[in-house]
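Subject: Structure handed over, with notes

Hello,

Here is the structure you were waiting for. Please open it alongside this message, as the notes refer to it throughout.

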Amino acid sequence: MENQFDVIVIGSGISGGWAAKEFCDMGFKTLVIERGRFVEHVTDYPTAMKESWEMEHRGKLNDQTLQENPVLARCYAYNDYTQHLFVPDNAHRYEQEKPFDWIRGYHLGGKGLMWARQVQRWSQNEFDSPKRDDYGSLSWPINYKDLAPWYSQVEKFIGVSGNKDGLDEVPDGEFLKPWEMNAAEISIRNDIKKNFPGRTPIIGRCAHLTEVKEIHKKQGRNACMARTRCERGCPLGAYFSSNSSTLPWAEKTGNLTIHTNQIVSEIVYDSKSQRATAVNTVDRHSKKKRQFTAKVIFVNAATINTNAILLHSKSEQFPNGLGNRNGNLGKYLAFHNYRGRVNAKFYGHLDSYYYGRRPTSIVIPNFRNIRRNDVNFKGGYLTNYTASRGGSDPIAGNKPFGTEFVDQAARPGAWHVSMYMQGETVPIRENEIKLSLKKDAYGIPAPILNVGYTENDEKMIADFHQQATAMLKKAGCVEIKRVDSKQAPGLDIHEMGGARMGDNPNVAVTNKHNQLHDCSNVFVTDGACMTSTGTKNPSLTFMAMTARAAHFAADQMKQGLL
Ligand SMILES: Cc1cc2nc3c(=O)[nH]c(=O)nc-3n(C[C@H](O)[C@H](O)[C@H](O)COP(=O)(O)OP(=O)(O)OC[C@H]3O[C@@H](n4cnc5c(N)ncnc54)[C@H](O)[C@@H]3O)c2cc1C
């Protein structure tokens, strides 16, 4: 009996935490299986209160660690304060047919402990454009209105700071008070708005408690103090994570069981009942195998591991992976294109300064291909910018230090303006995850990643560079420099696809309820289900999809259909 549940959720990160919360709230006995260790909110954030002078290298990593982890070393959030939350390069190895920087967090809470918390809703245009402009080989089976109530439910619970801007490209949500733009950012915003009709810079919406409502008090969370040490884990619970929010909430219902250190190797399919009946795991330490059963299985191991688990779930009926009748499981992997950046200086408002730190940037919603394909590439891009002064922050562990710092603080100089793109990539069949013949220490095949940029991405980068330069020029910026980081796919940490949603079972792996077309009691609600990538940071959409699918599955269970 101890291995039998109503629902099994594989993965405890941002999406898995939401599945657990919804099912436990609805009274279902729910098991969350997590491959990594347990991370207790507050007590397991060892560096959260550390100052730079308490760290051996003032927060920087030593040369040996950097040399041993070339992939992680390229991730901006990887440092001495956070390294214990990232999966080292030599653990759970994967093969790269093309360079792919796979950034992972294997512990309770997943990448939701280290994420940057940017949460903008998708627009109807993002759901429409693959079909309208004919890319990605699949249309979305849902619309904005299908997700809107779930976005609201998620936003109220997690707490999202933002401004109601009334823009179609970033629909408004349930917001707590917004962060403020500084004088230079406002000046740049005004000039962009005036000179580029249809482009309205807004303050980025982020999952931080700028106000603490009753629902957040019930979760035991507190207001954000703008420490911007978020990636170490926040003892205040001021930003949303599974650890501070959904999992403790689910636990209070008495319906939650969490098994950590259990690596899911496959899902077991029974051809007689045509359903998945069990989940097999391997213990991370003892390598002991276990099996758990449930009526419904939610796969939330994050895009690549979700695809890997399904591909490895082979049976007579599905020799190429569970639900892979059409051969598209693992294909059409897509990501976000962050390669383009433009840096500049701004000499206006030199008598202005700003106080404190702010956990978000300014967002210019996508302005390309809104009603029709009107440029030489498909899809759109979102533009972010910030303006800051003074350059370095010795509290954060950077130079300068001592008198040099005092001098610099007294003469902060020009504003540094940085603008960067977050571009949609077009899903193509060749971009894929497959399984290697080589097995890892647990007898599970290692993933092979074969994902690259396309010509569409190059055209989009060129357009971003031109447009960003034009916007900054009009805003009075000078010394404008274009950068192409040439970063590999994966470093965006927004991988999506492989088990995409669609009405056509000959192309899509999941249907409009996130169920596998060919195995109705298995649901995929993390990035793997995303038909296209849109331009927005994806996690809010994963959460809304998960809540929606959980309620659908619950209704089906109540009707005896699952
Ligand atoms: C530095 C950084 C910045 C980011 N910034 C943003 C942002 O601003 N906005 C945004 O929307 N997104 C952001 N992201 C991405 C965001 O973190 C992910 O989109 C999100 O965490 C995905 O949720 P998930 O539940 O699919 O996966 P995760 O949160 O990664 O959770 C997956 C869980 O599954 C577990 N798991 C994996 N395989 C198995 C297995 N075989 N068996 C059992 N358990 C398994 C993992 O250990 C993990 O705990 C950022 C990520 C990082 C690292």
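The notes below go from the overall fold to the ligand, then to the strands and one helix pair.

Overall

Please keep in mind that this is a predicted model. The protein's secondary structure consists of 12 helices and 22 strands. Its radius of gyration is 23 Å, close to the 24 Å that the globule rule gives for 562 residues, so the protein is as compact as a globular protein of that length. The C-alpha trace spans about 75 × 55 × 45 Å along the principal axes.

Around the ligand

The ligand is surrounded by 38 residues, and the closest are Gly11, Gly13, Gly110, Ala116 and Ser539. Four elements are worth finding on the screen: α1 (14–25), β8, α9 (303–312) and α12 are the ones that give two or more residues to this shell. The most comes from α1, with 3 residues. By residue type, the shell around the ligand divides into 17 nonpolar, 16 polar and 5 charged.

Strands β8, β9 and β10

Strand β8 (residues 262–270), listed above for the ligand shell, runs antiparallel to strand β9 (residues 275–283), and 8 bridges join the two. Within this pair, Glu266 stands opposite Asn280 of β9. The two strands form a hairpin with 4 residues between them. In that turn, Gln274 has a positive phi of about 55°.

A second hairpin is formed by β9 and β10, with 5 residues between them. Here the turn residue with a positive phi is Lys287, at about 65°. β9 and β10 run antiparallel and are joined by 5 bridges; Val282 has Lys289 of β10 as its bridge partner.

β10 (residues 289–299) also pairs with strand β1 (residues 4–10), in this case parallel, through 6 bridges. The bridge partner of Val9 in β10 is Phe298. With strand β22 (residues 519–524), β10 pairs in the parallel sense over 3 bridges, and Ile297 has Val522 as its bridge partner in β22.

The sheet with β17

There is also an open sheet of 3 strands in the order β3-β18-β17, with mixed pairing. Which strands stand at its edges? They are β3 (95–96) and β17 (432–439); each has a single partner strand, so one side of each is left without a neighbour in the sheet. β17 pairs with strand β18 (residues 445–450) in the antiparallel sense, over 5 bridges. Lys434 stands opposite Ile448 in β18. Helix α9 packs on this sheet and touches β17 and β18, its direction making about 60° with that of β17. This is the α9 named above among the elements around the ligand.

Helices α5 and α12

The last item is a helix pair. Two packed helices are described by the angle between their axes and the distance between the axes. The axes of α5 (residues 144–158) and α12 (residues 539–558) come within 8 Å and cross at roughly 105°. That crossing makes α5 roughly perpendicular to α12, because angles of 65 to 115 degrees count as such. On the α5 side, the contact is made by Leu147, Trp150, Tyr151, Gln153 and Val154. On the α12 side, the residues are Leu540, Met543, Ala544, Ala547 and Arg548. Together the residues of this contact divide into 8 nonpolar, 1 polar and 1 charged. α12 is also one of the elements that give two or more residues to the ligand shell.

Regards

Methods
Residues are numbered from 1 along each chain as its sequence is written. This is a predicted model: local features need pLDDT of at least 70, side-chain atom pairs count only at pLDDT 80 or more; totals for chains, interfaces and linings use all residues. Axes are lines fitted to C-alpha atoms, for helices over the stretch in contact, and angles run from 0 to 180 degrees between N-to-C directions. Angles under 35 degrees count as roughly parallel, over 145 as roughly antiparallel, 65 to 115 as roughly perpendicular and the rest as oblique. Two residues are in contact if their C-beta atoms, placed from the backbone, lie within 7 Å. Ala, Val, Leu, Ile, Met, Phe, Trp, Tyr, Cys and Pro count as nonpolar, Asp, Glu, Lys and Arg as charged, and the others, Gly among them, as polar. Two strands pair if DSSP finds at least two bridges between them. A residue is near a molecule or strand if its C-beta atom, placed from the backbone, lies within 6 Å of it. The radius of gyration is taken over C-alpha atoms; the globule rule is 2.2 Å times the number of residues to the power 0.38.
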